[in-house]
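Please look over the sequence and the 3D structure shown here, and then read the report that follows, which takes up a few features in turn.

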Amino acid sequence: MDTRKDALLPEISPSAGPQPLFPLLAPSPLTPFTNNTVPKLSGLCVLNFAAAESMMSMTSIDCIAVFAQFLANVVCCPQLEATLVVLIGQYSKHSNMLALNGTLAKHCLSDFEQIMVGQGASDSLRQICSIHPSNLTAASCPVEDVNEFESTVDAPKLLAACEKIDLVNECCGQICQNAISEAAKKLALKAYNLLSMDGSHVLSDHSTRVNDCKVIVHRWLASKLDPSRAKDVLRGLSNCNVNKVCPLVFPNMSRVTHGCGNGIKNQTICCNAMESYASHLQKQSFTTNLQALNCAASLGMKLQKANITENVYNLCHISLKDFSLQAGIQESGCLLPSLPSDVIFDQSSGVSFLCDLNDNIPAPWPSASQISASSCNKTVKIPALPAVASGQSGLHGEDCMLHLLFAMLVILVIFW
């Protein structure tokens, strides 16, 4: 943890590449966990799971049972949702339909879960990712036929904007996102006879309908791209939303407000309270570096509203890593990269994923005039991906990989 009270935070462009990091040695992994069982399928699902076999395998690893709830918002759920989109997109190639009916959706989601669990994924994915059979239907979007879709939207323009996106700049430039929104609005308008309906009724459900139509647009795009390319696009788009928010739940702050509020009378008491509070945040989930920035801003504003005016982040040496799950023998916060990443599973070495153990950026204390945290307007150096410093001996590979111990997370689950 950076203990300098006057650490400078250099300004960078969000598109800047990662600077070299000095990786710490990671602990050796335990014997890998596997659960290869034969799934019991309904035989009634119309989806061709083999069409996205590689992607489904990746999903089962990203949602591996022990880690699923800790990786849910950043890795597991975005990957799971993208996989379902690709499966229906592939299905539309021969069915001409971009959605399933309610009955088929139930069978297919059940079969999908059975396959995932059979490959080692959590058996609670519906709860963890809030997935329901309705997520496989058209919901309120009035268009699900491919021909009607392509006659309603500017299909060539949409494909040109989204067939390959810039993962670093899309969240700010929104080239593909704007094209998707434009197409979804055109689809949603087909539900209304604007001459016979009053405007207030149209507006009341239009937003939900547009969002449902965006899913239809995603499926159409997935039908035009190979599964690997579709995954990159879908994960890139979801990451724009992932990095906008703080996924952490802030517990009661009474001890912190008592120790640090109304002028700090005792720095030790204040910092002990802050460290204790941070330890509760560190048991919730892994976060990306940009999410951690949002979490730091959110907590800072809550503390300020509680009459804590002094920069307690600086006073108590709170860094961005304190807003993510602690892992490994280093007892250091693991910040995941802001760009989409996957869990890596190897039969001999176990489970690992990209984790920046050296991002010792002090948590920025929000100013009164601060605009909400945004990846398009950062004054803190946040690399998109961890990079290994050149000239480091005894380290192999191009990325810093954190091999997590299953026991570490099991202990967290049991005792907290």
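A disulfide joins Cys260 to Cys270, with a distance of 2.0 Å from S to S, and because Cys260 belongs to helix α11 (residues 254-260) while Cys270 belongs to helix α12 (residues 267-281), this pair ties together parts that are ten residues apart in sequence. The link of Cys260 and Cys270 is right-handed, with 105° about the S-S bond. Cys260 has a relative accessible area of 2% and is therefore buried, given that buried means under 20%, and Cys270, at 0% relative accessibility, counts as buried too. These statements, like those that follow, concern a predicted model.

**Further disulfides**

The pair just described belongs to a wider set, for a search of the whole structure finds nine disulfides. Among them is the one that joins Cys141 to Cys213, a pair that links distant parts of the chain, with Cys141 in the loop between α4 (125-129) and α5 (146-152) and Cys213 in helix α9 (residues 199-224), 72 residues apart. The torsion about the S-S bond of Cys141 and Cys213 is about 105°, so this disulfide is right-handed, and both of its cysteines are buried.

Another disulfide joins Cys171 to Cys240, and this pair also links distant parts of the chain, since Cys171 sits in helix α7 (residues 170-173) and Cys240 in helix α10 (residues 227-242), 69 residues apart. Here the torsion about the S-S bond is about -90°, so the disulfide of Cys171 and Cys240 is left-handed. Both Cys171 and Cys240 are buried.

The table sets out the S to S distances.

| Disulfide | S to S distance |
|---|---|
| Cys141 and Cys213 | 2.2 Å |
| Cys171 and Cys240 | 2.1 Å |
| Cys260 and Cys270 | 2.0 Å |

**The two sides of helix α6**

Which residues of helix α6 (residues 155-162) are buried? They are Ala155, Leu158, Ala161 and Cys162, and when the helix is seen down its axis these buried residues fall within an arc of 135°, so they line one face of α6. An α-helix has 3.6 residues a turn, so residues three or four places apart point the same way. On the face of α6 that is turned away from its buried side are the exposed residues Pro156 and Ala160.

**The largest pocket**

The largest pocket has a volume of about 850 Å³. It is lined by 34 residues, of which Glu81, Val215, His218, Ser238 and Asn241 are the closest to its centre. Several helices contribute to this lining, with α2 (68-95), α8 (175-189), α9 and α10 each supplying at least two residues, and the largest share, nine residues, comes from α2. In chemical character the lining of the largest pocket divides into 17 nonpolar, 13 polar and four charged residues.

Two of the helices that supply this lining, α9 and α10, have already appeared above, for Cys213 lies in α9 and Cys240 lies in α10.

**Ser341 and its contacts**

Where is Ser341 placed? Its place is in the loop between β4 (335-336) and β5 (344-346), and with a relative accessible area of 10% Ser341 is buried, because that value falls under the 20% cut-off. When residues up to four places away in sequence are not counted, Ser341 touches Val75 and Arg235.

Terms used:
Residues are numbered from 1 along each chain as its sequence is written. This is a predicted model: local features need pLDDT of at least 70, side-chain atom pairs count only at pLDDT 80 or more; totals for chains, interfaces and linings use all residues. Side-chain values use heavy atoms; hydrogens and water are left out. A disulfide is a pair of cysteine sulfur atoms within 2.5 Å. Helices (H or I, at least four residues) and strands (E, at least two) are DSSP runs, numbered from the N terminus. Buried means under 20% relative accessible area, exposed over 50%, partly exposed in between (1.4 Å probe, protein chains only). The arc is that of the directions from the helix axis to the C-beta atoms. On a 1 Å grid over the protein atoms alone, a cavity is a set of points where a 1.4 Å probe fits but cannot get out, and a pocket is an open set with protein on both sides within 12 Å along at least five of seven lines; lining residues have an atom within 4 Å of a point. Grid points are joined across faces, edges and corners, and a volume is the space filled by probe spheres set on the points. Ala, Val, Leu, Ile, Met, Phe, Trp, Tyr, Cys and Pro count as nonpolar, Asp, Glu, Lys and Arg as charged, and the others, Gly among them, as polar. Contact means heavy atoms within 4.5 Å.
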